[in-house]
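Student: I'd like a close look at one part of this protein, with some sense of the whole around it. Could you walk me through it?

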Amino acid sequence: MTSPDRRLRVAILGSGNIGSDLLSKVMTSDLLECTLFIGRNLTSKGMVRAVSMGIPVSDKSIEALVADPDICDLVFDATSALSHTRHAAILKEMGRSVIDLTPSNLGRMCVPAVNLDDCLTEQNVNMVTCGGQGSIPLAKVISEVCGGVRYIETISQIASRSAGPATRVNIDEYIGTTERGIREFTGCPRTKAILNLNPAHPPVNMQVTVLALVDEPDLDRLVPAIDDMVERIQAYVPGYRVIVPPILENGRLAMMVGVRGRGDYLPAYAGNLDIINCAAIAVAEGHARLLGERSASAPSDPGAEGGIA
């Protein structure tokens, strides 16, 4: 448990690019503290960097948390979908909250601009995918404003250099999880997700296109509703912006957004990694605020009426 005068203690499981960028974001948060950075190789770039920052590290993977379950309040899992399947069962048995940054299809799907408050009491929160974080809020608005949504397609273009080994290994899981996320948040029966890795030099920023077939398009209501949603996303992903506002094209709705990263650890063009990490931090900080509020409202005297025995 945390209190108003103590930061939420988090462990980061996975010392690659995503884990290293998460560490940078945790270090700048007023609500979070990294108490353990976990990988498998103490000589890896991410582990060496963490040591230089004075962060406790371990090369024992999930076993480091099993050996010392009280070292953290919450775990970020930045490994792979396959690994998280194993980690999820262990962390559930330990009673530790986890924010899953892999496309594992486990846990409660969360897009902070859409359902953050509903997820803060969940033991396992899944951040869907980078494409899901970029497209689901837009798809959700379409489903709420326009009648008869029959099909939604999202196309994410990212710089090839920002797609690391775990991303490439998990492409099938990425597609399936993104499509499921859009269906779950919108109720649309048919969805499709496409991921393009662009080898251009200089590297391109992330771009997300959303296409939809609807029976009753309403641009007069849709455009301001999209603007409102984009503003909500920008509260935790500053580099998220509209490139092409909603338009009707050949009988379908189309729009495009771009994502440029904050450049905390990763290059700014790696908006695909930045958006999912920013979303994960938003969830963790939501946990911290909720637990802080609970601690502040609890009676200071355990023996008082309504206190905890």
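Student: To set the scene, what does the accessible surface of the protein chain come to, and what percentage of it belongs to carbon and sulfur atoms? After that, please zoom in on helix α1 and tell me which of its residues are buried and what covers them.

Tutor: Sure, just keep in mind that this is a predicted model. The accessible surface of the protein chain comes to about 13600 Å², and carbon and sulfur atoms account for 50% of that. Under that surface, 52% of the 309 residues count as buried.

Now for α1, which spans residues 17-27. Buried here means under 20% relative accessible area, and 8 of the 11 residues in α1 are buried, so the helix is largely enclosed by the rest of the structure. The buried ones are G19, S20, D21, L22, L23, S24, K25 and V26. As for what covers them, the list includes the strands β1 (8-13), β2 (32-38) and β4 (74-77), plus the helices α2 (45-52) and α10 (271-297).

Zooming back out, the protein chain has 10 helices and 12 strands. Its radius of gyration is 20 Å, close to the 19 Å that the globule rule gives for 309 residues, so the chain is as compact as a globular protein of that length. Along the principal axes, the C-alpha atoms fill a box of roughly 65 × 55 × 30 Å. If you take the contacts between residues at least 6 apart in sequence, 70% of them join residues at least 24 apart. On the charge side, there are 28 positive and 35 negative side chains, and the centres of these two sets lie 6 Å apart.

Notes:
Residues are numbered from 1 along each chain as its sequence is written. This is a predicted model: local features need pLDDT of at least 70, side-chain atom pairs count only at pLDDT 80 or more; totals for chains, interfaces and linings use all residues. Side-chain values use heavy atoms; hydrogens and water are left out. Buried means under 20% relative accessible area, exposed over 50%, partly exposed in between (1.4 Å probe, protein chains only). Helices (H or I, at least four residues) and strands (E, at least two) are DSSP runs, numbered from the N terminus. Contact means heavy atoms within 4.5 Å. The radius of gyration is taken over C-alpha atoms; the globule rule is 2.2 Å times the number of residues to the power 0.38. Accessible areas come from the Shrake-Rupley method with a 1.4 Å probe; for residues, only the protein chains shown count as cover. Lys and Arg count as positive and Asp and Glu as negative; His and the chain ends are not counted. The place of a charge is taken as NZ of Lys, CZ of Arg, CG of Asp or CD of Glu.
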